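Student: I want to see how each label is earned. Can we go through this one value by value?

Tutor: Yes. Here it is.

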Amino acid sequence: EVLKAKKIKSLIARLGQEHKMALFSKNPLLVEGQSDVIMCNALAIKNQLYLEATGCQFLPVVGKDQIPVVYKLMRLLGKEPVILADADAIIDSTDFLNNLFISHPDTDAISVDLIGDKAFSLVQKIHADFIKLVESSWDDVSAKAKLHPYWINGHRENEEKAKKRAVFSTLFNLTEAELLSLPNSHNWKTIKKRYGVLFSLLEKLGFFILKKGAVESYYSLENQNINSDKVEVAMKEMDRINSEEISIINNQYSDLLDFLKFASKSQQINARAALRPTLLAALAPCMD
């Protein structure tokens, strides 16, 4: 009956080669675009995280609204998908997270154990309080928020949506000292801390959020300012990742790295340990 649902039928009709490859993986990694895949692969290689060896397969899902649909289908097929989504997925409305919560069987158990409340209730309360704070205290952060791509690229189309997105990602770009220097700093610090609790819950469920915005918001400044094809800019940033000190890269891309470590279960391939039993089995009779 589930396969007869309109959104699922629509998805199945559009299945491409990447979707089909994901059907043979244990952990499909759902991301929003090709740039995310390029960055994640570069970071995985840099940190020697062997994603394919642990049953992972990247699956770019065009349009964040489609992620919950793909996630549901993969869960029904017995997969354990992991999600990496832009910040706007949870800021525009609560629908994105609520749809994911419905599809994960352990949502309520993990949520109650971690925070003593159900996930739906937590999301609704934080989202409502954040919107109120943005509406009442926009001037506190407007100077910094207007420098974020969410505002620069979106305020002419939808100013209210751009405000929410830009303020959220700006909060997670600010240092502790910068946060404390804001007017009404206590309120901003509190809402950021509450979102931190939400992220702890989401990550236990396998949902990871790019807090600074889209993946492009994590690029070096020189690559953030390039206005050309997204994949082309991602390739330039990948070259920088390959040549830069690993500690600098891991600090800059900490949100993506958390996602990759969760997906790979941080498992290191140890050929020596795998060969030892076989070698000892052969050596014993030889020694005799």
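Student: Why is Asn184 called partly exposed?

Tutor: This is a predicted model, so every value is computed from it. Asn184 has a relative accessible area of 42%. Buried means under 20% and exposed means over 50%. The value of 42% lies in between, so Asn184 is partly exposed.

Student: Where is Asn184 found?

Tutor: Asn184 is in the loop between helix H11 (176–180) and helix H12 (185–205). Its phi is positive, about 55 degrees, although Asn184 is not a glycine.

Student: Which loop holds Gln48, and what is its phi?

Tutor: Gln48 is in the loop between helix H3 (34–46) and S2. Gln48 has a positive phi of about 55 degrees, and it is not a glycine either.

Student: What makes Gln48 partly exposed?

Tutor: Its relative accessible area is 48%. Exposed needs over 50%, and buried needs under 20%. Gln48 meets neither cut-off, so it is partly exposed.

Student: Why does Asn99 count as partly exposed?

Tutor: Asn99 has 36% relative accessibility. That is not under 20% and not over 50%, so the label is partly exposed. Asn99 belongs to helix H6 (residues 95–103). The C-alpha atoms of Asn99 and Arg14 are separated by 21 Å, and the two are 85 residues apart along the chain.

Student: What makes Lys236 partly exposed?

Tutor: The value for Lys236 is 39% relative accessibility. It falls between the cut-offs of 20% and 50%, so Lys236 counts as partly exposed. Lys236 is part of helix H14 (residues 230–243). Lys236 and Tyr219 are 17 residues apart in sequence, with 9.7 Å between their C-alpha atoms.

Student: Now the sheet. What is the strand order?

Tutor: Four strands form an open sheet in the order S2-S1-S3-S4, and the pairing is parallel.

Student: Why are S2 and S4 said to stand at the edges?

Tutor: Strand S2 (56–60) and strand S4 (207–210) each have a single partner strand, so one side of each is left without a neighbour in the sheet. On average, neighbouring strands of this sheet are turned by 20 degrees against each other, direction ignored.

Student: How do you know that S1 and S2 pair?

Tutor: Pairing takes at least two bridges. Strand S1 (residues 27–31) and S2 have five, in the parallel sense. The condition is met, so they pair. Among the bridge partners, Asn27 goes with Cys56 in S2, and Leu29 goes with Phe58 in S2.

Student: What makes S1 and S3 a pair?

Tutor: S1 and S3 share two bridges, in the parallel sense. The cut-off is at least two, so S1 and S3 qualify. Leu30 stands opposite Ile83 in S3.

Student: How many bridges join S3 and S4?

Tutor: S3 and S4 pair over four bridges, again in the parallel sense. At least two are needed, so this pair qualifies as well. Ala85 stands opposite Ile209 in S4.

Student: Why is S3 called largely enclosed?

Tutor: Five of the five residues of strand S3 (residues 82–86) are buried, so the rest of the structure largely encloses it. Val82, Leu84 and Asp86 point one way, Ile83 and Ala85 point the other way, and all are buried.

Student: What makes S2 mostly covered?

Tutor: Five of its five residues are buried. Both faces of S2 are covered. Cys56, Phe58 and Pro60 are on one side, with Gln57 and Leu59 on the other.

Student: Which totals describe the protein chain?

Tutor: It has 17 helices and four strands. Of its 288 residues, 47% count as buried. The C-alpha atoms fill a box of roughly 80 × 50 × 40 Å, taken along the principal axes. The protein chain exposes about 15200 Å², and carbon and sulfur atoms supply 54% of that.

Student: What share of the contacts links residues 24 or more positions apart?

Tutor: They account for 73% of the contacts with a separation of 6 or more.

Student: And how many charged side chains of each sign are there?

Tutor: The protein chain has 36 positive and 36 negative side chains. The centres of the two sets lie 4 Å apart.

Key:
Residues are numbered from 1 along each chain as its sequence is written. This is a predicted model: local features need pLDDT of at least 70, side-chain atom pairs count only at pLDDT 80 or more; totals for chains, interfaces and linings use all residues. Side-chain values use heavy atoms; hydrogens and water are left out. Buried means under 20% relative accessible area, exposed over 50%, partly exposed in between (1.4 Å probe, protein chains only). Contact means heavy atoms within 4.5 Å. Accessible areas come from the Shrake-Rupley method with a 1.4 Å probe; for residues, only the protein chains shown count as cover. Lys and Arg count as positive and Asp and Glu as negative; His and the chain ends are not counted. The place of a charge is taken as NZ of Lys, CZ of Arg, CG of Asp or CD of Glu. Axes are lines fitted to C-alpha atoms, for helices over the stretch in contact, and angles run from 0 to 180 degrees between N-to-C directions.
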